[in-house]
Amino acid sequence: MTVNGKRKVFSGVQPTGNMHIGTYLGAFRNWVKLQHEYEAIYCVVDLHALTVPVDPAELHRNRIEAVKVLLAVGIDPDKSLVYMQSQVPQHAELAWILGTMTPTGVLNRMTQFKEKSARAGANLGLYSYPVLMAADILLHRADLVPVGDDQRQHLEMTRDVAERFNNRYGEVFPLPEALIPETAARVMSLTDPRAKMSKSDPNPRSAILMLDTADDIRKKIKGAVTDSEPTVAHDWDAKPGISNLLELMSAATGRPVDALVGEYAATGYGVFKEAVAEAVIELAAPIKARYGGLDDKEVAVLLEKGADDARSSAERHQAEVRAAVGLDGV
Ligand code: AQP
């Protein structure tokens, strides 16, 4: 959908604390780039964060932290609309409508639901998470959704539900495309390279946090699980730990994985890990510095304006949906 000649980009992040480097490389880095070319809307999806048990005070803190991280990585509030999902009730309304046209068989296949319900227990919110995510995207008529690889399945479901809606009620939603980076699209856990690096992983050594100190980063990368055969090579089956570190370093430095393999193939894991750590420290340092300079009160003012703008745009779009399904007027 084109507004003032610009296509729309939308994406969201859950305020579940412990913002890590995977989120940055998989998603935020593209968010920052795209705000220069697109009408950009970025949302802290706090309703999604309720799908696993969370302490209210902690959620409150994490919401502000998430916004500050967005600003610190380079989201510019003059270029991007930034707001909290819970302050725009049209998200939940559209999710209900889309839920009525989402087969449960589709939701049963969602990998994230299977994984998270195994860990935290199943609930209806977790089950219908992809429907709310579809509503987040479609509410704004987004054309492009920059996400990490773990969200690929949810994006496919979003396109399917949009198509189903359009077939039944007329062309209301553009079909959004996912934008997934080529390198570091799925940064893996440092302690279990077969599992995704995740905010909710209880092991603090599994993830490099964006606000970690240089020392923390060195220790975590030094302790990253690898294999016993000491050649640095990119092979996800035989060497998932080393492949993960290679992709991390490639994404952090912009150097191709092949070039890194050429340089470190024979140096042994110790030297390679030190180089990865320094590259990640260099990447994270300016983010951490900018985060430290942000003021909570200014963030609150920015969020109020963001919510106002998002509500008025969402209401215009939602009126079109209500009319299409027969819920307009009395
Ligand atoms: N490990 C990752 N590698 C690449 N991209 C990632 N993303 C998350 N983890 C990685 C991308 O970051 C964006 C925001 O994700 P999210 O926080 O809203 O939800 P998530 O995907 O469920 O991330 P986590 O870390 O696993 O959080 P919890 O533990 O709270 O569920 C998304 O675009 C995501 O793809």
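In this predicted model, the second largest pocket has a lining of 18 residues, and those lying nearest its centre are Ala95, Trp96, Gly99, Ser128 and Val131. The volume of this second largest pocket is about 410 Å³. Its lining draws at least two residues from each of five helices, namely helix H2 (46–49), helix H4 (90–99), helix H5 (104–108), helix H7 (124–127) and helix H8 (129–139), and of the contributions to this lining that of H4, with 4 residues, is the most. When the lining of the second largest pocket is divided by class, 10 residues are nonpolar and 8 are polar, whereas no charged residues are found.

Helix H4 also holds Gln90, a residue that counts as buried because its relative accessibility is 8%, under the 20% limit that is applied to buried residues. The side chain of Gln90 is joined to that of Glu315 by a polar contact of 3.0 Å.

The surroundings of the ligand comprise 24 residues, among which Lys116, Asp150, Ser198, Lys199 and Ser200 come nearest. Two side chains place polar atoms beside oxygen atoms of the ligand: for Lys116, a polar side-chain atom lies 2.4 Å from a ligand oxygen, and for Gln151, the corresponding distance from a polar side-chain atom to an oxygen atom of the ligand is 3.1 Å. In the case of Met197, a backbone N or O atom lies 2.9 Å from a nitrogen atom of the ligand. The ligand taken alone exposes 640 Å², and 97% of that area is buried by the protein. Two or more residues of the shell around the ligand are given by each of E2, H1 and helix H6 (111–120), and H1 gives the most, with 4 residues. By class, the shell around the ligand consists of 7 nonpolar, 12 polar and 5 charged residues. The shell around the ligand thus includes 5 charged residues, whereas the lining of the second largest pocket has no charged residues.

Attention may next be given to the backbone. Asn18, which is found in the loop between strand E2 (6–13) and helix H1 (21–34), has a phi near 45 degrees, a positive value in a residue other than glycine. The elements on either side of this loop, E2 and H1, are among those that give two or more residues to the shell around the ligand. Asn18 is classed as partly exposed because its relative accessible area is 39%, a value between the limits of 20% and 50%.

A positive phi is also found at Ala184, where the angle is about 60 degrees although the residue is not a glycine. Ala184 lies in the loop between strand E6 (177–179) and helix H10 (214–222). With a relative accessible area of 3%, Ala184 is buried, whereas Asn18, at 39%, is partly exposed.

Helix H10, which follows the loop that holds Ala184, contains Ile217. Ile217 has a relative accessible area of 1% and is therefore buried. Between Ile217 and Ala259 the separation is 42 residues in sequence, and in space the two residues are 23 Å apart, C-alpha to C-alpha.

Definitions and conventions: Residues numbered from 1 in each chain as written. Predicted model: local features only at pLDDT ≥ 70, side-chain atom pairs only at ≥ 80, totals over all residues. Heavy atoms only, no water. Buried < 20%, exposed > 50% of the residue type's maximum accessible area, 1.4 Å probe, protein only. 1 Å grid on protein atoms, 1.4 Å probe; cavity = no way out; pocket = protein on both sides within 12 Å on 5 of 7 lines; lining within 4 Å. Points joined across faces, edges and corners; volume = space filled by probe spheres on them. Nonpolar A, V, L, I, M, F, W, Y, C, P; charged D, E, K, R; others polar. Near = heavy atom within 4 Å. Polar contact = N/O pair within 3.5 Å; in protein donor to acceptor, adjacent residues only side chain to side chain. Areas by Shrake-Rupley, 256 points an atom, 1.4 Å probe, with all protein chains shown as cover.
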